[in-house]
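Biologist: Could you pull up the model, so that we can go through it together?
Modeller: Here it comes.

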Amino acid sequence: MSLYTSGIQKYSLPNDSLTNQLIDSIIKATSEYTDKSFISGLDHIHDFVDDNELNEYRLSIIQKLNYNQFASKLIFSHCKEILTSILGPDIAIQKNVGLSIQMPNDSSSLLPIHSDVFSSDCSPYELVIWIPLVKCYKTKSMFYLPFDHCSSLHEYLHLLSSNNISSIDEFQSKFQNNYKFLEITPPSFALFYHSIWHGNVINCEPETRWSINLRVKGLFTPYKGKQIGDYFTIAQISDATKLSSLIDEIYYDS
Ligand SMILES: [Fe+2]
């Protein structure tokens, strides 16, 4: 599994600090939401929160995670060495994280197979950071079709047209035996190109899935619908860029 050949790769963090801080914040928000002071673990949140209030609950947690860009800043601070080695020193990151909570047998949180490069206004320069907050495996995780399912990236990106596929159901029945479920345990995280075909199915495991996702890209790479300042913010800027922009401001603007 490599970012450049499969489109997805797992990375290890040296300790649990990132996961623990995210989980602590979620447990605190959950205690406020449920009025119960003890949560036995995110895996078993379905014992505390009814599935019919999942959406309201998820929104309350997301609000907490995104307050003052808490989660986005925290994630960047823990992952910046790895991200810098991939994207270079000038980096833009999504301001607000996304959160998946998939309770066992819940059919309301399904994400059918899709590739963001076709079905959204995302720039192809975006990478997705995927952070598990619990052990994710089998149907308690996302699935994906790796780039190296095809002999070339060109072939992969033309899977729909070259197979005359006109619907997602058709895609599903043709390729579902080739899907791989991401098996990942904190404090590891995954990075993937959003052009990879991915999605989720009903969680048939006895535990709830929790994962956070957010997008990251080179600051000066092309944008599409998701713009800097609006959707993305500057996460890190190099000394060279800082100095150059100062020269630009002082000399050329005067
Ligand atoms: Fe997606």
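Biologist: Which residue follows α2, and what is the sign of its phi?
Modeller: That residue is Asn-68, which comes after α2 and has a positive phi near 55 degrees. Helices here are DSSP runs of H or I with at least four residues, strands are runs of E with at least two, and both are numbered from the N terminus. Before we go on, this is a predicted model, in which local features need pLDDT of at least 70, side-chain atom pairs count only at pLDDT 80 or more, and totals for chains, interfaces and linings use all residues. Residues are numbered from 1 along each chain as its sequence is written.

Biologist: And what about Gln-69, where does that sit?
Modeller: Gln-69 is in the loop between α2 and α3 (70-87), and its phi is positive too, about 55 degrees, although Gln-69 is not a glycine. With 18 other C-beta atoms within 10 Å, Gln-69 is partly exposed; a residue is called buried if 20 or more other C-beta atoms, placed from the backbone, lie within 10 Å of its own, exposed if 12 or fewer, and partly exposed in between.

Biologist: Back to α2 for a second, how does its axis cross that of α1?
Modeller: The axes of α1 (residues 17-34) and α2 (residues 54-66) come within 9 Å and cross at roughly 135 degrees, where axes are lines fitted to C-alpha atoms over the stretch in contact and angles run from 0 to 180 degrees between N-to-C directions. That makes α1 oblique to α2, since under 35 degrees counts as roughly parallel, over 145 as roughly antiparallel, 65 to 115 as roughly perpendicular and the rest as oblique.

Biologist: Which residues of α1 make the contact?
Modeller: From α1 they are Ser-25, Ile-26, Ala-29 and Tyr-33, and they meet Tyr-57, Ser-60, Ile-61, Lys-64 and Leu-65 of α2, contact being C-beta atoms, placed from the backbone, within 7 Å.

Biologist: Different topic: is β9 mostly covered or open?
Modeller: Strand β9 (residues 209-218) is mostly covered, with 8 of its 10 residues buried.

Biologist: How many bridges join β9 to β4?
Modeller: β4 (residues 127-132) pairs with β9 over 6 bridges in the antiparallel sense, and two strands pair if DSSP finds at least two bridges between them. Within that pairing, Ile-131 stands opposite Ile-212 of β9. Strand β3 (residues 98-102) is also antiparallel to β9, over 5 bridges, with Gly-98 partnered by Asn-213, while β2 (residues 91-94) is joined to β9 by 3 antiparallel bridges, and there Ile-91 has Gly-218 as its partner.

Biologist: What is the strand order in the open sheet of 3 strands?
Modeller: The order is β6-β5-β8, with antiparallel pairing. The edge strands, each pairing on one side only, are β6 (180-181) and β8 (197-199), and between β5 (residues 143-145) and β8 there are 3 bridges, including the one that partners Tyr-144 with His-198.

Biologist: Which peptide bond is cis?
Modeller: The bond from Pro-186 to Pro-187 is cis, with omega near 10 degrees, and Pro-187 lies in the loop between β6 and β7 (188-193).

Biologist: Last one, why does α8 lie largely in the open?
Modeller: The number of buried residues among the 14 of α8 is 0, so α8 lies largely in the open.

Note on methods
Two residues are in contact if their C-beta atoms, placed from the backbone, lie within 7 Å.
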